[in-house]
Amino acid sequence: MKTANTKNRFVGKDILSVDQFSREDLDWIFSKAREMREVAQKGRTNLLSHAILTALFYEPSSRTFGSFVSAMQKLGGGFIPLQGMTYSSVAKGETLEDTVRTFECYSDVIVIRHPEVGSAKRAAAVASVPVINAGDGAGEHPTQALLDAFTIVNTFPKIDGLKVALVGDLLNGRTVHSLSKLLVKMGKVEFFFVSPKILSMPQEIKDHVNKRIQVSEVEKLEEVIGKADVVYITRIQKERFSDLTSYEKLKNYYVVTKTLMQKAKKNMILMHPLPRVGEIEAEVDKDKRAVYLKEQMRNGLYIRMALLAAVLGKI
Ligand code: NCD
């Protein structure tokens, strides 16, 4: 492993929100993720052989859970997988705080996904080991935003002038909340927020990004698909709806088809945090501009390897 050019600022720190990253932090994390890509492609290291991760997942997850576990193992560490909570003491009514206090006794870092906004912060308040937010309800998903931004800069190193369309459930989607806040730190992007009116981006995020850059809000993807360099489409977040009839009405609001992709720029990229539930037709997967099944997911592994090694003070 190469030594860091700049100092690791993350030793012992929690990763709770994208608000905590400076532009320099991002460059540093991305350079470490590139080093981790080499490590992961070659095999495994024993950099974190002293360490154990608890993956405390109160909500469903495939990629975030799987890539954190893989990241820990690629770095030689161990892990305690807690998914669903049916078989843990949570099912007996244990509080989040007590569960966190339990697993800090058994592990060196806790990765938490929970349905309540602010839950990762609550966990961090009682934990003496670093806590990483893997999604707090409709709040934030900072590690996803890092892997998304990493995917974007790897394709478009010059962020200034980049046109980014965020599409779908912008109200409830934590990935788009974190990503929009992160991208405005990186340069003068231009945003298209594309959603049905009732699922538009929360006002505080609009205010935050509006101060820095230009944002257009539209309902129809067709209106902007030809202009965007990045189209980032998301799932309508069924689990955040109290009324399932309105979910049923909205669930197929956006569908990216092969025909629609013909209107998109030749060198744009199509992203999705996944899972998709109909937002992108399978025939689009073969398009070379579709990165969601390739780079975007793999980058999640490299970013999470870098973050784990950083908070555990090994890079
Ligand atoms: C996202 C999430 O959990 O917020 N998934 C992920 O982590 N890749 C997106 C989603 O569930 O729609």
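In this predicted model, the shell around the ligand comprises, by class, three nonpolar, five polar and three charged residues. The residues that surround the ligand are Thr-64, Arg-113, His-141, Gln-144, Arg-174, Thr-175, Arg-235, Gln-237, Pro-273, Leu-274 and Pro-275.

Several of these residues approach the ligand through polar atoms. A polar atom in the side chain of Thr-64 lies 2.9 Å from a ligand oxygen atom. Arg-113 likewise contributes its side chain, an N or O atom of which is 3.0 Å from an oxygen atom of the ligand. With Pro-273 the contact is made by the backbone: a polar backbone atom of this residue is 2.9 Å from a nitrogen atom of the ligand. Taken alone, the ligand exposes 310 Å², and the protein buries 94% of that area.

The next matter is the space that holds the ligand. Rolling a probe the size of a water molecule over the atoms reveals where empty space remains. The ligand sits in the largest pocket, which contains about 420 Å³ of space. This pocket is lined by 20 residues, of which Arg-113, Arg-174, Arg-235, Leu-274 and Pro-275 are the closest to its centre. By class, the lining of the largest pocket divides into four nonpolar, 10 polar and six charged residues. Helix 2, spanning 63-74, and helix 6, spanning 174-186, each supply at least two residues of that lining.

Two residues from the centre of this pocket, Leu-274 and Pro-275, also deserve attention for their backbone geometry. Leu-274 is found in the loop between strand 9 and helix 10, and Pro-275 has its place in that loop as well, with strand 9 covering 269-271 and helix 10 covering 295-311. Most residues other than glycine have a negative phi, and most peptide bonds are trans. Leu-274, however, is not a glycine and has a positive phi of about 65°. The peptide bond that joins Leu-274 to Pro-275 is cis, with omega at about 5°. Both residues are also among those that surround the ligand.

A further pocket can be located elsewhere in the model. The second largest pocket holds about 170 Å³ of space. Its lining consists of Ser-17, Asp-19, Ala-138, Gly-139, Glu-140, His-177, Lys-181, Pro-202, Glu-204, Ile-205 and His-208. Helix 6 and helix 7, the latter spanning 203-210, are the elements that give two or more residues to this lining. Helix 7 gives the most, with three residues. Helix 6 thus has a place in the description of both pockets, since it also supplies at least two residues of the lining of the largest pocket. By class, the residues lining the second largest pocket divide into three nonpolar, four polar and four charged.

Notes:
Residues are numbered from 1 along each chain as its sequence is written. This is a predicted model: local features need pLDDT of at least 70, side-chain atom pairs count only at pLDDT 80 or more; totals for chains, interfaces and linings use all residues. Side-chain values use heavy atoms; hydrogens and water are left out. A residue is near a molecule or strand if one of its heavy atoms lies within 4 Å of it. A polar contact is a pair of N or O atoms within 3.5 Å; within protein, one must be able to donate a hydrogen and the other to accept it, and residues adjacent in sequence count only if both atoms are side-chain atoms. Accessible areas come from the Shrake-Rupley method with a 1.4 Å probe; for residues, only the protein chains shown count as cover. On a 1 Å grid over the protein atoms alone, a cavity is a set of points where a 1.4 Å probe fits but cannot get out, and a pocket is an open set with protein on both sides within 12 Å along at least five of seven lines; lining residues have an atom within 4 Å of a point. A molecule sits in a cavity or pocket if more than half of its atoms lie within 2 Å of its grid points. Ala, Val, Leu, Ile, Met, Phe, Trp, Tyr, Cys and Pro count as nonpolar, Asp, Glu, Lys and Arg as charged, and the others, Gly among them, as polar. Grid points are joined across faces, edges and corners, and a volume is the space filled by probe spheres set on the points. Helices (H or I, at least four residues) and strands (E, at least two) are DSSP runs, numbered from the N terminus.
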